[in-house]
Amino acid sequence: DTVVVAGFKLAKSSTAREDGRHGCHLELSEEAGSAIYVHKILGECLNNFFLLFPNFIMPFQSVAPKYVYTPLNHLKDGTVVNLYGVVKFFKPPYVSKGTDYCSVVTLVDPSNVKLTCTLFNGNLDSLPKIYKVGDIVRFHRIKIREYNGQMQGITSVGFASLTFDGTVGAPVVPRTSSKVYTFMDEEQKTIEELRKAYWLTNSSKRCPDTSPVSSSGKGLLKANSFALQVWDGTKCPYPTWKVPVEARDLEGEKVLLHQLRNLTADILVYDNHVQLAKSLKIGSFLRIYSVHTKQASADDADISHIEFHLHGGTCYGRGIGVLPESNPDVKKLKAFLESVDLADSQNTESMSSVELDGTFNNVKDLESHLQRCQQLSVTVLTDHQHLNNTELKTILNSMAPQQYRIRAKLRTYKPQKLYQSIKLHCSKCNSLQEVPDGDDFDFILQGSAVTAPNPELHNTSWYDSVMWTTQDQKPRKVDIHFVKHDEMLQQPEDTLLMIEG
C-alpha cells in the first residue's frame with residue numbers, strides 16, 4: 001500500500017541508538033491536524049502507473065486512526081496511553097509558578113481505580129473544559145508515572161482531550177478547543193456506559209446540584225482583593241453583606257445594578273483569583289467553586305448577615321469557571337432570568353440597616369435615597385425605630401421572652417480569646433480541661449517528645465511517613481509525616497511536614 005502522511009512534525013529520535021532505527025521520527029497529533037491517507041494498490045504497480053501517467057492525480061482514502069483505550073487498573077509506569085474516565089475531583093485551571101496554566105483532575109472508571117492527573121499547558125484553552133464533578137473526559141497521549149506506589153498522569157507531547165457532560169440522557173457533544181479530532185460511533189457507547197456506571201454507584205453520595213450565576217458588576221478594593229456582584233434571579237433569604245466599593249471603581253450598567261440591588265450577592269475574591277476576576281466580562285455566566293460562606297455582624301449593629309469569600313489558593317478545587325452560553329445549565333438560567341419581573345421584586349423589598357450602612361456615606365445621600373423610596377412606595381425599616389430604649393435594670397427584672405431596644409456601652413466580653421471558648425475532652429475519663437496557654441503548651445510538647453512515635457499511625461490516606469533516628473548521645477525515634485495535597489505528594493520544598501517525637 002502507498003501511504004501519505006500530512007501535517008506532521010519532524011523530530012530527532014531519542015531511542016535511535018538503542019533500537020537501531022532511523023535518527024528521526026514523525027510526530028502526529030490531532031491538534032496539529034495530522035492525517036494519514038492510504039491507497040490500496042501495490043507500490044510497484046503504482047510506480048509503473050505514474051511512469052505512464054505522470055500528471056494523473058490518484059485519489060487517496062483518508063483513514064481515521066484506531067485508538068486503544070486503557071482501563072485505569074491496567075496502567076503501567078512510563079507508558080503513554082489513551083484513556084476514558086469520570087471526573088471525581090478537579091481544580092479549574094490556574095496560573096502555575098511558571099508561565100503555564102495548570103489543572104488537577106482525579107478520574108475514576110468502572111474498575112474503581114483512581115488516577116490523579118496534573119495537566120500543564122501555556123494555552124488555557126488547551127486544558128480540559130471541565131465544569132462539574134461527573135463530567136467525562138477522554139485523554140489522548142497522557143504519560144503515566146508511578147510515585148510512591150500510586151499511578152499519576154501528566155501531560156506529554158501531543159496531549160489532547162475531549163470533555164462530555166456526564167448526565168445520563170444528555171447529548172453526547174464534546175467540549176474542546178481543537179478544530180481537528182476524531183470521535184467514533186463506538187465511543188458514544190463508551191460515554192453512555194460510563195454515565196450509567198458512575199451515577200448508579202454514586203447516586204447516594206453525589207455533590208449537590210450546582211447552578212451557574214450571572215456576573216452583573218465588579219469592583220476593585222485593594223491589590224489583593226476584588227469584588228464580584230452576581231445573581232441567579234433569586235434573592236438570598238438572609239441579609240447579605242454589601243462589599244464597600246467606591247462608586248467610581250464599580251463596573252457595570254448603573255441602571256441594571258440599581259434594579260438588581262436586592263437580588264445580587266457580593267463575593268469578595270482574594271489573591272490568585274483576582275487576575276481572573278478582573279478579566280471577566282459583565283454578563284458572563286460563572287460557576288464559582290468552594291466559596292466560603294460565613295455569618296457575621298457589623299461592628300455597630302446586632303443584625304447578622306451572610307458573607308461570601310473566595311479565598312486564595314486552589315484547595316478543594318477553589319476557583320472560578322466561565323461557562324459558554326451553549327451550556328445546558330446556562331440556557332436554563334437565561335430563560336429563568338428573562339422571566340423575572342424586576343419591578344415587582346424591587347417594589348416589595350425593604351432594605352436592611354446593613355445594606356444602608358454599606359451603601360451611603362453621609363446623611364444627605366441617605367435622605368435623598370429615602371425620598372426616592374417614598375416616591376416608589378417602598379418601606380424602609382431601620383433599627384426597629386418603633387421600640388423605645390429600655391434600661392438594663394428593667395430588662396434584668398423582666399420575665400423572658402421579651403423584645404427590647406437598648407442603648408448601652410460595652411465594658412467587657414467573654415471569651416476574649418478564641419481558644420478560651422474550646423474545652424479539651426477526654427473520652428476515657430470524661431473530664432474537661434482548659435486549652436493550655438503558651439507556657440503550658442511548651443511544657444506539654446517537651447514531655448511528649450520523650451514518648452516514642454506510634455508506628456500504627458504511619459502512612460494514612462492523607463500523609464506518608466518516614467522514621468528517622470537522631471544522632472544524639474541518647475538516640476530518639478523521630479517521625480516525619482509528608483502531607484499530601486489533593487491526594488498527591490508534592491515536591492519536597494512545597495510539602496507540609498508534621499514532625500512527631
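**Exercise 1. Determine whether Ser 161 counts as buried or exposed, and describe its surroundings.**

Step 1. Ser 161 has a relative accessibility of 10% and therefore counts as buried; buried means under 20% relative accessible area, exposed over 50%, and partly exposed in between, with a 1.4 Å probe and protein chains only.

The model is a predicted one, in which local features need pLDDT of at least 70, side-chain atom pairs count only at pLDDT 80 or more, and totals for chains, interfaces and linings use all residues. Residues are numbered from 1 along each chain as its sequence is written, and side-chain values use heavy atoms, with hydrogens and water left out.

Step 2. Ser 161 belongs to strand 11, which covers residues 150-164. Helices (H or I, at least four residues) and strands (E, at least two) are DSSP runs, numbered from the N terminus.

Step 3. Apart from residues up to four places away in sequence, Ser 161 touches Ser 126, Leu 127, Pro 128, Arg 138, Phe 139, Arg 175 and Thr 176. Contact means heavy atoms within 4.5 Å.

**Exercise 2. Place Gly 319 in the chain and identify its contacts.**

Step 1. Strand 19, residues 319-323, contains Gly 319. With a relative accessible area of 3%, Gly 319 is buried.

Step 2. Neighbours within four places in sequence are set aside; Gly 319 is then in contact with Pro 92, His 273, Arg 287, Ile 288, Tyr 289 and Leu 310.

Step 3. Lys 91 and Gly 319 are 228 residues apart in sequence, and their C-alpha atoms are 7.1 Å apart in space.

Step 4. For the chain, 58% of contacts between residues at least 6 apart in sequence join residues at least 24 apart.

**Exercise 3. Describe the second largest cavity and its lining.**

Step 1. Two cavities of 30 Å³ or more are found in the structure. On a 1 Å grid over the protein atoms alone, a cavity is a set of points where a 1.4 Å probe fits but cannot get out, and lining residues have an atom within 4 Å of a point.

Step 2. The volume of the second largest cavity is about 40 Å³, a volume being the space filled by probe spheres set on the points, which are joined across faces, edges and corners.

Step 3. Its lining consists of Tyr 131, Lys 132, Asp 135, Asp 165, Arg 175, Arg 287, Asn 327, Pro 328 and Asp 329. By class, this lining has six charged, two nonpolar and one polar residues. Ala, Val, Leu, Ile, Met, Phe, Trp, Tyr, Cys and Pro count as nonpolar, Asp, Glu, Lys and Arg as charged, and the others, Gly among them, as polar.

Step 4. Domain 2 (79-203) and domain 3 (213-339) each supply at least three residues to the lining; the bounds come from an automatic or database domain assignment.

**Exercise 4. State how many disulfides the structure has, and examine Cys 429.**

Step 1. Searching the whole structure gives zero disulfides, a disulfide being a pair of cysteine sulfur atoms within 2.5 Å.

Step 2. The cysteine sulfur closest to that of Cys 429 is in Cys 426, at 3.5 Å, which is too far for a bond.

Step 3. Cys 429 is exposed, at 52% relative accessible area, whereas Cys 117 is buried, at 0%.

**Exercise 5. Locate Asn 430 and report its phi.**

Step 1. The loop between strand 20 (423-425) and strand 21 (432-434) holds Asn 430.

Step 2. Although Asn 430 is not a glycine, its phi is positive, at about 65°.

Step 3. Asn 430 is exposed, with 59% relative accessible area.

Conventions
1 Å grid on protein atoms, 1.4 Å probe; cavity = no way out; pocket = protein on both sides within 12 Å on 5 of 7 lines; lining within 4 Å.
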